[in-house]
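Biologist: Hey, could you walk me through the ligand site in this one? I'm new to it.
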Amino acid sequence: MKKLSVMLVAGARPNFMKVAPLWRALRSSHRLRPVMVHTGQHYDFLMSDVFFRDLGLPKPKLCLEVGSGTHAAQTSKILSGLEKIFLKEKPALVCVFGDVNSTLAAALAAAKLRIPVAHIEAGLRSGDRSMPEEINRVLTDRLADLLFVTEPSGVRNLKKEGVPSSKIFHVGNVMIDTLFYHLTRIRRSPILRKLCLKPRAYGVLTLHRPSNVDSRASLRHILRILKAVTSRIPLVYPIHPRSYKKITAAGLWRDFKDLPDLRVIDPLGYTDFMKLTAEAVLVLTDSGGIQEESTSLGVPCLTMRENTERPVTLEEGTNRLVGTDLKKIITATDRALSKDHVKIRSLRFWDGNASRRILKILEKKL
Ligand code: UD1
């Protein structure tokens, strides 16, 4: 019997670790087969290729190479590119991941062609429409036929928005599947040796949200925060290309580079970044995914945002919302430095088996 093709659409760095476990699960299926599409939203070696290598993913057969652009330009290029691919390949299902522009564009292209859509990481809501990701989340969930949810808040949000329970599946977190799957390789990563770092003698910084890096005023405020934090603990900052561009454009690159005890390095691949995080005394971030990964690793996470779409990491994990409030950040830093790593309860379904649960449901539904 010919296997039905399930198209997995990925485009930006945070997608790749979510695609990998589902790709593996689908490869083991007797009825379904995965076909990977890369939209090319992220295209640098360090933002894309290195993840395919680290995660053991094959080179995608179908690539769009849309590259950077305004939101509308990027989204529309992906939309029209994917329409052609979907018309030609006629997948039985399109799977989209997370909340990036590629996610929404793929869901919209498929839905218009009446191809069923599965959204992995559905239902998350920050309630903050100033984030492009929030708009992508809300719209993708309106279009999706199967909504796979990571945490209880996702189920609640979708029900509140009127999504029928029959479409919602609380299956857990595929990104944590990837973390557990690669744990041995992560432990062996030589990154600490390469950077001459000692476990628990540094913190990790990641920053790329527009609210933090897009204006000179907010970057100057971030510099003040970093001065205060690095006077307590050195920070390693694998810098996102968008932040590098914004810092340079604001004329503040030297200020970041020359800050004692702030080590700015190139973005890291998956296993190196996870090792760096696992051995850190704290993480200071505005990322979405890192709030979840640090929770599963038991590392205190200070999230430099006013809200989170991942409230379970606050309720049961190691996450704290600190915004850009200097006092809150210092207090949370001092607390993290004075404690051993928190032993956390493992979160429901964040157990390495989310993609197997998804596969079971897909096999039943298709
Ligand atoms: C995107 C996602 C965001 C995610 C982030 C993680 C959306 C709306 N946002 O934001 O949710 O947290 O990825 O990385 O989809 N750039 C490069 N090289 C690359 C990729 C980007 O230089 O490989 C530069 C672009 O030229 C652009 C900037 O980074 O100036 C932004 O890239 P883009 O993909 O539009 O959005 P991100 O800010 O990375």
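Modeller: Sure, let's look at the ligand and then the pocket. This is a predicted model, where local features need pLDDT of at least 70, side-chain atom pairs count only at pLDDT 80 or more, and totals for chains, interfaces and linings use all residues. Residues are numbered from 1 along each chain as its sequence is written, and side-chain values use heavy atoms, with hydrogens and water left out.

Biologist: Which residues come nearest to the ligand?
Modeller: Gln41, Ser68, Asn101, Glu133 and Lys245, out of 20 residues around the ligand. Being around it takes a heavy atom within 4 Å.

Biologist: Where does Gln41 touch the ligand?
Modeller: A polar atom in the Gln41 side chain lies 2.8 Å from a ligand oxygen. His42 also has a side-chain N or O atom 2.8 Å from an oxygen of the ligand. Tyr43 uses a backbone N or O atom, at 2.9 Å from a ligand oxygen. Polar contacts here are pairs of N or O atoms within 3.5 Å.

Biologist: Which element gives the largest share of the shell?
Modeller: That's α12, with three residues. Helices are DSSP runs (H or I, at least four residues), numbered from the N terminus.

Biologist: New topic: what is the volume of the largest pocket?
Modeller: About 1100 Å³, taken as the space filled by probe spheres set on the grid points. Among the 49 lining residues, His42, Met47, His208, His240 and Arg242 are closest to the centre.

Biologist: And what takes up space there?
Modeller: The ligand does; its space is the largest pocket.

Definitions and conventions:
A polar contact is a pair of N or O atoms within 3.5 Å; within protein, one must be able to donate a hydrogen and the other to accept it, and residues adjacent in sequence count only if both atoms are side-chain atoms. On a 1 Å grid over the protein atoms alone, a cavity is a set of points where a 1.4 Å probe fits but cannot get out, and a pocket is an open set with protein on both sides within 12 Å along at least five of seven lines; lining residues have an atom within 4 Å of a point. A molecule sits in a cavity or pocket if more than half of its atoms lie within 2 Å of its grid points. Helices (H or I, at least four residues) and strands (E, at least two) are DSSP runs, numbered from the N terminus.
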